[in-house]
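Here's a quick briefing to read alongside the model. Have the sequence and the 3D view open as you go.

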Amino acid sequence: MADEITRKKEYLKQYGEAVRQMARSELIINELRMNKMHPGLVLDGSPSGSARSDLSAYAVKLEEETETYLKARYHRIRLCTEIRDRIEAMTDEDEKDILTYRYIKLMRWEGKNGICKKMGISERGAYRLHGQALQHFKI
């Protein structure tokens, strides 16, 4: 059973990882788009002269990189949607809340903005509810 709980935690943790990866991808995509609009301003050793073939090759390369990041971002969005949908499919509202706060909102257990305060329960109660929620959660 412990292995099953660990597997569920790892699955749910993918949400936070995907969100961070999407934020980084968004920065890279925006940078690539900016570089496409102003290739002469890029200081990365890529061609920026007036030779049309050099700029065409550069534009193709930028387009390929942008497409790669967009595909990865789409995969991450699907994963996040899947995890949210699985949490929402649960029947107990408190269990949904605790998994949402912990894995979707990336909240800590304690603190003025923590899960315990938000839910009005003790830390021990939060751990107990979290354990129950993981047992009921379906991958």
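By class, how many nonpolar, polar and charged residues are in the lining of the largest pocket? Charged residues account for six, nonpolar for four and polar for two. Keep in mind that this is a predicted model. The rest of the tour goes through the pocket, one backbone angle, the aromatic pairs and the cysteines.

**The largest pocket**
- Its volume comes out at about 190 Å³.
- Two elements each give two or more residues to the lining of this pocket: helix H1 (2-37) and helix H3 (93-104).
- H1 gives the most, with five residues.
- Among the lining residues are Lys 9, Lys 13, Gly 16, Glu 17 and Arg 20, along with Arg 102 and Tyr 103.
- Leu 106, Met 107, Arg 108, Trp 109 and His 130 are also part of the lining.

**Leu 106, a lining residue with an odd phi**
- Leu 106 sits in the loop between H3 and helix H4 (115-119).
- Its phi is near 55°, which is a positive value in a residue other than glycine.
- As for accessibility, Leu 106 is partly exposed because its relative accessible area of 45% falls between the 20% and 50% cut-offs.

**Aromatic pairs**
- Searching the whole structure turns up two aromatic pairs.
- One is Tyr 11 with Phe 137: the ring centres are 6.1 Å apart and the planes are at 35°, so this pair is tilted.
- Tyr 11 belongs to helix H1 and Phe 137 to the segment after helix H5 (123-136), so the pair ties together parts 126 residues apart in sequence.
- Both Tyr 11 and Phe 137 are buried.
- Trp 109 and Tyr 127 also form a pair, this one edge-to-face, with 5.2 Å centre to centre and 75° between the planes.
- Here the link is between the H3–H4 loop, where Trp 109 lies, and helix H5, home of Tyr 127, so parts 18 residues apart in sequence are tied together.
- Trp 109 counts as buried at 11% relative accessibility, whereas Tyr 127, at 40%, counts as partly exposed.
- Trp 109 also turns up in the lining of the largest pocket.

**Cysteines**
- How many disulfides are there? The count comes to zero, with the cut-off set at 2.5 Å between cysteine sulfur atoms.
- Cys 80 is buried, with a relative accessible area of 3%.
- Cys 116 counts as buried too, at 5% relative accessibility.
- Both values are under 20%, so both residues fit the buried class.

Note on methods:
Residues numbered from 1 in each chain as written. Predicted model: local features only at pLDDT ≥ 70, side-chain atom pairs only at ≥ 80, totals over all residues. Heavy atoms only, no water. 1 Å grid on protein atoms, 1.4 Å probe; cavity = no way out; pocket = protein on both sides within 12 Å on 5 of 7 lines; lining within 4 Å. Points joined across faces, edges and corners; volume = space filled by probe spheres on them. Helix = DSSP H or I, 4+ residues; strand = E, 2+ residues; numbered from the N terminus. Nonpolar A, V, L, I, M, F, W, Y, C, P; charged D, E, K, R; others polar. Buried < 20%, exposed > 50% of the residue type's maximum accessible area, 1.4 Å probe, protein only. Phe/Tyr/Trp six-rings, centres within 6.5 Å; stacked < 30°, edge-to-face > 60°.
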